[in-house]
Amino acid sequence: MQLPQNCPCQGPLTRDVGPQLRILQLNIEGISRSKCDYLSRLLVENNITVLVLQETHAENASDLSSRGHIERFTLASATFHKKYGLATYVRNSISNWEHVSTSVVNNVSFIKIKIEKINIINVYKPPGVNWHNHTKHTQHTQHKIGRAHV
């Protein structure tokens, strides 16, 4: 497994148990160049493997890329909406990941990626939208990350 090692929180009272998968989830309330610059530093300082964002407020791929770039990370997938929108990023040093699916069902957005045998789903349910039966998107998944307004 090629996951980052040597967590910054390790010290004389901790033990290295091998590769670590570190995920940062954030409702970004509109992605921007300054937020991307800050995130780029934060992700490296904290050895983050996967970044999942909600409410990017990007209307399309060019809008998302024009608002900034997350250094040392690859955009795995995104959904677009002027008020909502998701983006999932994977650290460039992780080569064994795959994009599984991206979908929007009844205004609920899903991005599913897989790193080795671990499925990670970035989910966003906007306010006022009913949470219907979305089990086909989330069944057999170890990590479901996101924001749901209930």
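**Exercise 1. Work out what share of the protein chain is buried, and how the fold is laid out.**

Start with burial: of the 150 residues in the protein chain, 42% count as buried. Keep in mind that we're working with a predicted model here. Next, the surface: the protein chain exposes about 8300 Å², and carbon and sulfur atoms supply 48% of that. Now count elements, and you get 3 helices and 8 strands. Walk along the sequence and they come in the pattern β-α-β-α-β-β-β-β-β-α-β. Last, check the contacts: take those between residues at least 6 apart in sequence, and 55% join residues at least 24 apart.

**Exercise 2. Find the residues that touch the most other members of the largest nonpolar core, then see which elements feed that core.**

The largest nonpolar core has 15 residues, and I31, L51, L53, I70 and Y89 touch the most other members. Two or more residues each come from α1 (33-45), β2 (50-54), β3 (73-79) and β4 (86-91). The top contributor is α1, with 3 residues.

Now zoom in on L53. Skip residues up to four places away in sequence, and L53 touches L26, I28, I31, L39, G85, L86, A87, Y89 and N122. Don't stop at one core, though: a second, separate one has 11 residues, including V50, A76, L86 and I111. As background, nonpolar side chains in soluble globular proteins tend to be buried together.

**Exercise 3. Explain why β3 counts as largely enclosed, and describe how β3 pairs with β4.**

Step one is a burial count: 5 of the 7 residues of β3 are buried, so this strand is largely enclosed by the rest of the structure. Step two is the pairing: β3 and β4 run antiparallel, joined by 6 bridges. For a landmark, look at A78, which stands opposite A87 in β4. Step three is the turn: the β3–β4 hairpin has 6 residues between the strands, and G85 takes a positive phi near 95 degrees there.

**Exercise 4. Track down the aromatic pair and classify its geometry.**

The count comes to 1 aromatic pair. Its partners are Y84 and Y124, at 5.5 Å centre to centre with 35 degrees between the planes. Stacked needs under 30 degrees and edge-to-face over 60, so a pair in between is called tilted; that's the label for Y84 and Y124.

Then place the partners. Y84 sits in the loop between β3 and β4, while Y124 belongs to strand β7 (residues 118-125). They are 40 residues apart, so the pair links distant parts of the chain. Finally, check burial: Y124 has a relative accessible area of 1% and is therefore buried, since the cut-off is under 20%.

Notes
Residues are numbered from 1 along each chain as its sequence is written. This is a predicted model: local features need pLDDT of at least 70, side-chain atom pairs count only at pLDDT 80 or more; totals for chains, interfaces and linings use all residues. Side-chain values use heavy atoms; hydrogens and water are left out. A nonpolar core is a set of buried Ala, Val, Leu, Ile, Met, Phe, Trp, Tyr and Cys residues joined through side-chain atoms within 4.5 Å. Buried means under 20% relative accessible area, exposed over 50%, partly exposed in between (1.4 Å probe, protein chains only). Helices (H or I, at least four residues) and strands (E, at least two) are DSSP runs, numbered from the N terminus. Contact means heavy atoms within 4.5 Å. Accessible areas come from the Shrake-Rupley method with a 1.4 Å probe; for residues, only the protein chains shown count as cover. Rings of Phe, Tyr and Trp (its six-membered ring) pair if their centres lie within 6.5 Å; planes under 30 degrees apart count as stacked, over 60 as edge-to-face and the rest as tilted. Two strands pair if DSSP finds at least two bridges between them.
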